[in-house]
Amino acid sequence: MLTSTLCNTTPTLTSFAIGDCNSCPTSKTAAKIAAESGVLYKNMKLHMAGKDLTAKYDGYTSCPLPVGDKKLILAEFSGYDGSIMETFPFNQAKPMWFPYFLKKDFMPPLYWKGLIKGTWRGPGLFRKLAHFGMAK
């Protein structure tokens, strides 16, 4: 079973996993994979250097919920405990056009040009900046 380090070690094998092939109890979304990829990157580098794994996946996942004509609720939470992990400093539970725009126009290029190429590792840093370092 994988831990929050996304690593499983036995006496003869060390394996890492992200996305659908790990046993983390979270939604299987691109947002989850983006958050996991940063942890995976850091911990693989530490493992190859023979150091302890220190990066931890916090359970972040996101579900865009269409609720009307060009309006969306962007639900961001920890799949571990259900705690809210909103990226933006406004109430994301209110249906708005802005999350719809993100889902429709911003996220597809972010996926194809960032996540797939390994340069987008989730909104964690942006979330901390938008909440003045007070967010998870």
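A residue counts as buried when its relative accessible area is under 20%, as exposed when it is over 50%, and as partly exposed in between. The legends below describe close-up views of a predicted model.

**Figure 1. The aromatic cluster containing Phe88, Phe90, Trp97, Phe98 and Phe101.** Ring pairs link these five residues into a cluster. The structure as a whole holds 7 aromatic pairs. Phe88 and Phe98 form one of them: the ring centres are 5.3 Å apart and the planes stand at 85°, so the pair is edge-to-face. This pair connects distant parts of the chain, with Phe88 in the loop between β4 and α2 and Phe98 in helix α2, 10 residues apart. Phe88 has a relative accessible area of 14% and is therefore buried, whereas Phe98, at 24%, is partly exposed.

**Figure 2. The tilted aromatic pair of Phe98 and Phe101.** The two rings lie 6.5 Å apart, centre to centre, with 35° between their planes. Both residues belong to helix α2, and because they are 3 residues apart, about one helical turn separates Phe98 from Phe101. Phe101 has a relative accessibility of 36%; this value falls between the 20% and 50% cut-offs, so the residue counts as partly exposed.

**Figure 3. The largest pocket and its lining.** The space in this pocket amounts to about 590 Å³. Its lining comprises 24 residues, of which Ala31, Ser62, Met107, Leu110 and Trp120 are the closest to the pocket centre. Two or more lining residues come from each of α1 (30–48), β3 (60–68), β4 (71–78) and α2 (97–115). Helix α2 supplies the largest share, 9 residues. Sorted by class, the lining holds 18 nonpolar residues, 4 polar residues and 2 charged residues.

**Figure 4. The second largest pocket and its lining.** This pocket contains about 450 Å³ of space. Among the 18 residues that line the second largest pocket, those closest to its centre are Ala35, Lys42, Arg121, Gly124 and Leu125. Helices α1 and α3 (124–130) each contribute at least two residues to this lining, and α1 gives the most, with 5 residues. The lining of the second largest pocket consists of 8 nonpolar, 3 polar and 7 charged residues.

**Figure 5. The charged end of Arg121 over the ring of Tyr41.** The distance from the charged end of Arg121 to the centre of the Tyr41 ring is 4.1 Å. Arg121 also appears in Figure 4, as one of the residues closest to the centre of the second largest pocket.

**Figure 6. The side-chain contact between Thr29 and Thr61.** Thr29 is located in the loop between β2 (14–16) and α1. With a relative accessible area of 18%, which is under the 20% cut-off, Thr29 is classed as buried. Its side chain and that of Thr61 are joined by a polar contact of 2.9 Å.

Methods: Residues are numbered from 1 along each chain as its sequence is written. This is a predicted model: local features need pLDDT of at least 70, side-chain atom pairs count only at pLDDT 80 or more; totals for chains, interfaces and linings use all residues. Side-chain values use heavy atoms; hydrogens and water are left out. On a 1 Å grid over the protein atoms alone, a cavity is a set of points where a 1.4 Å probe fits but cannot get out, and a pocket is an open set with protein on both sides within 12 Å along at least five of seven lines; lining residues have an atom within 4 Å of a point. Grid points are joined across faces, edges and corners, and a volume is the space filled by probe spheres set on the points. Helices (H or I, at least four residues) and strands (E, at least two) are DSSP runs, numbered from the N terminus. Ala, Val, Leu, Ile, Met, Phe, Trp, Tyr, Cys and Pro count as nonpolar, Asp, Glu, Lys and Arg as charged, and the others, Gly among them, as polar. Rings of Phe, Tyr and Trp (its six-membered ring) pair if their centres lie within 6.5 Å; planes under 30 degrees apart count as stacked, over 60 as edge-to-face and the rest as tilted. Buried means under 20% relative accessible area, exposed over 50%, partly exposed in between (1.4 Å probe, protein chains only). A charge sits over a ring if NZ of Lys or CZ of Arg is within 6 Å of the ring centre and within 35 degrees of the ring normal. A polar contact is a pair of N or O atoms within 3.5 Å; within protein, one must be able to donate a hydrogen and the other to accept it, and residues adjacent in sequence count only if both atoms are side-chain atoms.
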